[in-house]
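Please open the model in a viewer and keep the selection panel at hand. The stops below are given in the order in which they may be selected.

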Amino acid sequence: MGEEPRARLSDAGDGGDGDNGNVYAVLSRVPDGACLDLLGDDGVALSDARVVPRADLPGVVRELESREHPRWVWDDTGGWYPSLLAAGVRVDRCHDLRLCHAILRQSELTAVSRLASAPPGPWDEMAEPPSADDGLALFGAPEALGAGDRSEPDATRDELAAQLAAVAETEQPGRIRLLLAAESAGALIAAEMTHDGLPWSAEVHDRVLTELLGPRPRFGERPRKLEELAEAVRSALGAPELNPDSPADVLRALRRVGLTVASTRKWELRELDHPVIEPLLEYKRLSRLLQANGWVWMDTWIRDGRFRPDYVPGGVVTGRWATRGGGALQLPRQVRGAVVPDPGWTLVVADAAQLEPRVLAALAGDRALAEAGRGTDIYQGLVDRGVVDSRAHAKSAMLGAMYGATQGEAGRLMPRLARAYPRAIGLVEDAARAGERGLKVTTRLGRSSPRPGEAWLAAQARAAAEDAAPADVLRARAQAREWGRFTRNFVVQGSAAEWALCWMAALRGRLAALAHGERRPHLVFFLHDEVMVHAPVDQAEEVRGAVLDAAGEAGRLLFGDFPVEFAISTAVVDSYADAK
């Protein structure tokens, strides 16, 4: 694993050691208010706990934030922070007990801790965070996390103590400490992005839909363009009653005209030669747009010129984010033109090119692969070094290595990659073999994969028996390979997610330093390896510099001075559609 990562997000104010050290401001629920405890980094109380009435909490948090710069500790950022943001209060740092518990419970780095070895408890049941729209989310039942006759403040303090102890007991506390800081910073960013919203023009969105689909139809009717395409599909198939929205009906109609197909998937339809294919594919494309981002979506999700999705930090097992509706992580290109800045503002869009291959090079300490991406597209770098003959083949081979493709073009090219970059390919191969044996694998900072379930283990046990049936052996081998593909990618995707969290956290701090009252450049969108900042026009170049500097810091935090280059492309645009 190399040098231990630095456990500090210096410019983001997350993971660092402020002027007052780590002062923990612990908030827990009590009837009609919150209990506030101030603790030192050794867990010793700095003052008596006090109850803060609900109406007074924003003012108390604002005053303490400016005076002590503490790390706020609460059970779930989504349950506390939105109400503070609504009152105009922002905090710099936090420790999200729910998110951190999930990491520490699973991580190989903390496997011997009391927290990891304890039987399942209330904190393990908090996998689904409370809704910020629920009036009880902030001041709900105090027994929610209690145990027996203990109060919630007791349970919250005890959980913090258990988490700090679990970190302190690891051989490399800097790794896991940085991960917990980054994960918690991500929770703050997610809440702030929802609060601030992605600037969105309903007028532009409606114009795009009208151009592509026709005028908005009455409820229950298809838009004009879709109805025309539906008629073209029916005519080509000689099926006047066909419902093109029913895959089963379409499949039967295709077979009736002699087309041998197993599904209505796009890639399979494209292999066919028939007049129905073009209108059918176009119908499917526009129908997806209507369902995912049509007028109903716009009515539901766009308010006051903003799109405010409900982000779920750590919602994917690798640490990637998810959303609870709105599809913020899947905005199709057709509607990106509706993402436009406010007057006098602009959008700074940044993308980390080929993030996962670069992370793989750094994880494995493969200097040859890192050098292939220096100053250039890493896939083109493979071509320039004679590893493969085209960029398309380079991308196919590299993705195959990280996702476990063994067939086709990717499988054929794998031996070339293995010869050229044995350290990188060896790392993912080792991760795959570990998964096939049912073992955990761990990311750069300490997030560990889950072990396979009971059904998987039972299948492997049956296959290992002396009298195992051949079918059971084949099934178990296939399941083992499938889990190996998961663990192969887990170490790379999970480490890339950690880099992205550190990038955003470092950028958040830099943007805060650029604020001038209400003229505050702020993050409004994040998609795995892409960020968007809504910024005053006259600060666009400063924001661009902040984006690049934050990426450099993220690389140093995770990988020290290893010579890997994280290539960031930036664009200052007046519409998301214009970002390349």
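Select strand β1 (residues 24–30) together with strand β4 (residues 71–74): the two pair in the parallel sense over 3 bridges. Strands and helices here are DSSP runs, numbered from the N terminus, with at least two residues (E) for a strand and at least four (H or I) for a helix; two strands pair if DSSP finds at least two bridges between them. Within this pairing, Tyr-24 stands opposite Arg-71 in β4.

This is a predicted model, in which local features need pLDDT of at least 70 and side-chain atom pairs count only at pLDDT 80 or more, while totals for chains, interfaces and linings use all residues. Residues are numbered from 1 along each chain as its sequence is written, and side-chain values use heavy atoms, with hydrogens and water left out.

Keep β1 and add strand β2 (residues 33–39), with which β1 pairs in the antiparallel sense over 7 bridges. Arg-29 stands opposite Ala-34 in β2. The two strands form a hairpin with 2 residues between them, and Asp-32 in the turn has a positive phi of about 65°.

Now colour β1 by accessibility. How many of its residues are buried? The count is 7 of 7, where buried means under 20% relative accessible area, exposed over 50% and partly exposed in between (1.4 Å probe, protein chains only). Tyr-24, Val-26, Ser-28 and Val-30 point one way, whereas Ala-25, Leu-27 and Arg-29 point the other way. In a regular strand the side chains alternate between the two faces of the sheet.

Move next to the loop between α1 (57–68) and β4, and select His-69. Its phi is near 50°, a positive value in a residue other than glycine. His-69 counts as partly exposed because its relative accessibility is 28%. A second case is His-528, in the loop between β12 (522–526) and β13 (530–536). His-528 has a positive phi of about 60° and is partly exposed, with a relative accessible area of 24%. Most residues other than glycine have a negative phi.

For a helix pair, select α3 (residues 97–106) and α6 (residues 173–196), which pack at an angle of about 145° with their axes 9 Å apart. The axes are lines fitted to C-alpha atoms over the stretch in contact, and angles run from 0 to 180 degrees between N-to-C directions. Show side chains at the contact (heavy atoms within 4.5 Å): Leu-99, Cys-100, Ile-103 and Leu-104 in α3 meet residues of α6 including Ile-176, Leu-179 and Glu-183.

Proceed to the open sheet of 3 strands, in the order β6-β8-β7 with antiparallel pairing. Its edge strands, each paired on one side only, are β6 (198–199) and β7 (302–303). Strand β8 (residues 306–307) pairs with β7 over 2 bridges, and Ile-302 has Phe-307 in β8 as its bridge partner.

Select helix α13 (residues 355–364) next. All 10 of the 10 residues are buried, so the helix is largely enclosed by the rest of the structure. Gly-365 follows α13 and has a positive phi, near 65°.

Finally, colour the chain by domain: domain 1 (24–195), domain 2 (203–298) and domain 3 (356–495). These bounds come from an automatic or database domain assignment. The centres of domain 1 and domain 2, taken over C-alpha atoms, are separated by 48 Å.
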